[in-house]
Amino acid sequence: MESQAHNNNNNNNKGVPPAGIFYLTKIRRKEFTIGFHKGLILLITFVAYALFHASRKAPSIVKSAWDPQESNTGHDGLPTPPPSTPSGWAPFTGSTGKDKLGQFDFAFLAFYAVGMFFAGHLGDRVDLRWFLSVGMVGSGVFACLIGMAYWWDIHILTFYIMVQMAAGLFQATGWPSVVAVVGNWFGKSKRGLIMGIWNAHTSTGNILGSLIAAAVLQYGWGWSFVLPGLLLVLGGVMVFFFLVVEPADVGFESPYETNTHDAEGENLQLVRLKTEGIQTLGSRNDPAIGFVEAWQIPGVATYALCLFFSKLVAYTFLYWLPFYISQTRIAGSHLNDKIAGDLSTLFDVGGVIGGIVAGYASDCLSARAITSASFMLCAIPALHLYRAYSGISLPVNIGLMMLLGMFINGPYSLITTAVSADLGTHSSLKGSGRALATVTAIIDGTGSMGAAIGPLLAGFISENFGWGAVFTMLMLAALLSGLLLTKLVIGEVREKLEVFQRVQVINEPDHVHLAGILSDTGSNEIGRTYRSSIDLKMLAR
């Protein structure tokens, strides 16, 4: 049935596939199935964004080599002896070293946040394959430039700041592009679980970047930037030749278009025809939504502000965790830079678990806000436990670090993937399909402003007030992130109670069966509307 539908619509719908897919099809002498294309989309976008994050991880590993000064106190507040380390790398040494490292991070993240808003606006108006490819290649080149400063013996802070600014602008092309492409291929059914698993690319990239940067650090810190940069350039080439932006490019229908080929097709079609506000995703020829219009979509501003504080916490750990581990005692001793970098990857392992659990839970509950708020509030005691008890032993440190990663990265993953895709195809758009990249950029761009501020504050606060004050700041940010979702949480709870009451009233098996079918097929909005119509009929009687 799928193959027949594909062949019938091939001539009318087919666009221009990328060169790699075109020649693979010629060699194979047979069209690829939609299942193959979906799998390939998930794989390519996963690898692409993992490489983005791998290149971002290098600074956190290199920090301990640039500024090897030891913090003044350990977990118990007692003076700690300085470990045996090299002299560091100017301009990041001396009493202002941590402040300059914070400025280095801020330069990248601030321009990444600003670039994100423009990138999303452009992403809904240009070919995303070209857009993402150029962004990856440019990001890789600037990562290599930072690394080359090691061999060029550059010690001017302005050079590092300027290169980081440019790198941030190019990296901003990544997230709106990959989310928009995945959103083009996958409907709302089980979106939280699918994107929760897919969003493991963030933690996978962090782990890969940490391992690469730590492994080559002994040969010169320049390699910690150059190798991830080269991999990013190669990834850009892969995207250019093999990324299919939307199903129409290879002759398939959008997942948002009505599909009546299944057993309950006639019933589903009847309900759809009588239901208003069901969103379908248009083609790239549709007019793109405006920036201000995107902000007005219900839930966008709330989730954007929530992500501001969520990413503030997440990116503080992304950029400072290896440095923190190397400069605090675990079981009475210090770990070297390589071991500290390797150990920090377990935070991202916990993040992978958290992203999958949060996505699955939000699908089962149909409650994105409740899930996100619960995770962020649970992160508060987890932060306290890690600060207070992670120095007891290595196993305790590992367990608490993974727990912390799960609670911090779970909602971060959910909001930047499933929530962004949901809002980018919101019913209020009334058929405009060119909003995914813009909405994604607004939410993640606002979050990235928090990501820029977090590491900068961490450098300043740790230098002047100690790491205890840094963890207090992070707990406050997690609390604010959870509280911002209060209104949406109340709305979801009220909706659940209303649905429960309606189910108690309805006694017609056929109606209940059809409502169940609609829910199983992922048509939650249709199911809710259908249940509402049943409720009105019962009241009329």
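Helices here are DSSP runs of at least four residues, numbered from the N terminus. The model is predicted.

**Exercise 1. A backbone angle in a loop**

Task: Find where R29 is placed, then describe its phi.

Solution.
- Step 1. R29 is in the loop between helix 2 (19–28) and helix 3.
- Step 2. Phi of R29 is near 60°.
- Step 3. That value is positive, and R29 is a residue other than glycine.

**Exercise 2. A proline and its neighbour**

Task: Describe the peptide bond from A90 to P91 and place P91 in the fold. Then follow P91 to L157.

Solution.
- Step 1. Omega of the bond from A90 to P91 is near 15°. The bond is cis.
- Step 2. P91 belongs to the loop between helix 3 and helix 4.
- Step 3. Leaving out residues up to four places away in sequence, L157 touches P91, F92, K100 and Q103.
- Step 4. L157 itself sits in helix 6.
- Step 5. Compare sequence and space for L157 and F104. They are 53 residues apart in sequence. From C-alpha to C-alpha, they are 8.3 Å apart.

**Exercise 3. Helix 4 against helix 6**

Two numbers come first. Two packed helices are described by the angle between their axes and the distance between the axes.

Task: Are helix 4 and helix 6 roughly parallel or roughly antiparallel? Which residues make their contact?

Solution.
- Step 1. Helix 4 (residues 97–123) packs on helix 6 at an angle of about 30°. The axes are 7 Å apart.
- Step 2. Angles under 35 degrees count as roughly parallel. Helix 4 is therefore roughly parallel to helix 6.
- Step 3. The crossing of the two helices is right-handed.
- Step 4. Helix 4 brings K100, Q103, F104, A107, F108, F111, Y112 and G115 to the contact. Helix 6 brings L157, Y160, I161, Q164, M165, A167, G168, L169 and Q171.
- Step 5. Sort the contact residues by class: eleven are nonpolar, five polar and one charged.

**Exercise 4. Helix 15 against helix 18**

Task: Work out how helix 15 and helix 18 run relative to each other, and give the handedness of their crossing.

Solution.
- Step 1. Helix 15 covers residues 368–389, and helix 18 covers residues 467–483.
- Step 2. Their axes come within 8 Å and cross at roughly 165°.
- Step 3. Angles over 145 degrees count as roughly antiparallel. So helix 15 and helix 18 are roughly antiparallel to each other.
- Step 4. Their crossing is left-handed.
- Step 5. From helix 15, the contact uses A373, M376, L377, I380, L383, H384, Y386 and R387. From helix 18, the residues are W467, G468, F471, L474, M475, A478, L479, S481 and G482.
- Step 6. By class, this contact has twelve nonpolar, four polar and one charged residues.

**Exercise 5. The largest cavity**

Task: How many cavities of 30 Å³ or more are there? Which helix gives the most to the lining of the largest cavity?

Solution.
- Step 1. The count is six cavities of 30 Å³ or more.
- Step 2. The largest cavity has a volume of about 120 Å³.
- Step 3. It is lined by 13 residues. The closest to its centre are S55, R56, F108, Q164 and A167.
- Step 4. Helix 3 (34–66), helix 5 (128–152) and helix 6 (157–171) each supply at least two lining residues.
- Step 5. Helix 5 gives the most, with four residues.
- Step 6. The lining divides into eight nonpolar, four polar and one charged residues.

Conventions:
Residues numbered from 1 in each chain as written. Predicted model: local features only at pLDDT ≥ 70, side-chain atom pairs only at ≥ 80, totals over all residues. Heavy atoms only, no water. Axes fitted to C-alpha atoms, helices over the stretch in contact; angles between N-to-C directions. Parallel < 35°, antiparallel > 145°, perpendicular 65-115°, else oblique. Left-handed = near helix turned anticlockwise from the far one by under 90°. Contact = heavy atoms within 4.5 Å. Nonpolar A, V, L, I, M, F, W, Y, C, P; charged D, E, K, R; others polar. 1 Å grid on protein atoms, 1.4 Å probe; cavity = no way out; pocket = protein on both sides within 12 Å on 5 of 7 lines; lining within 4 Å. Points joined across faces, edges and corners; volume = space filled by probe spheres on them.
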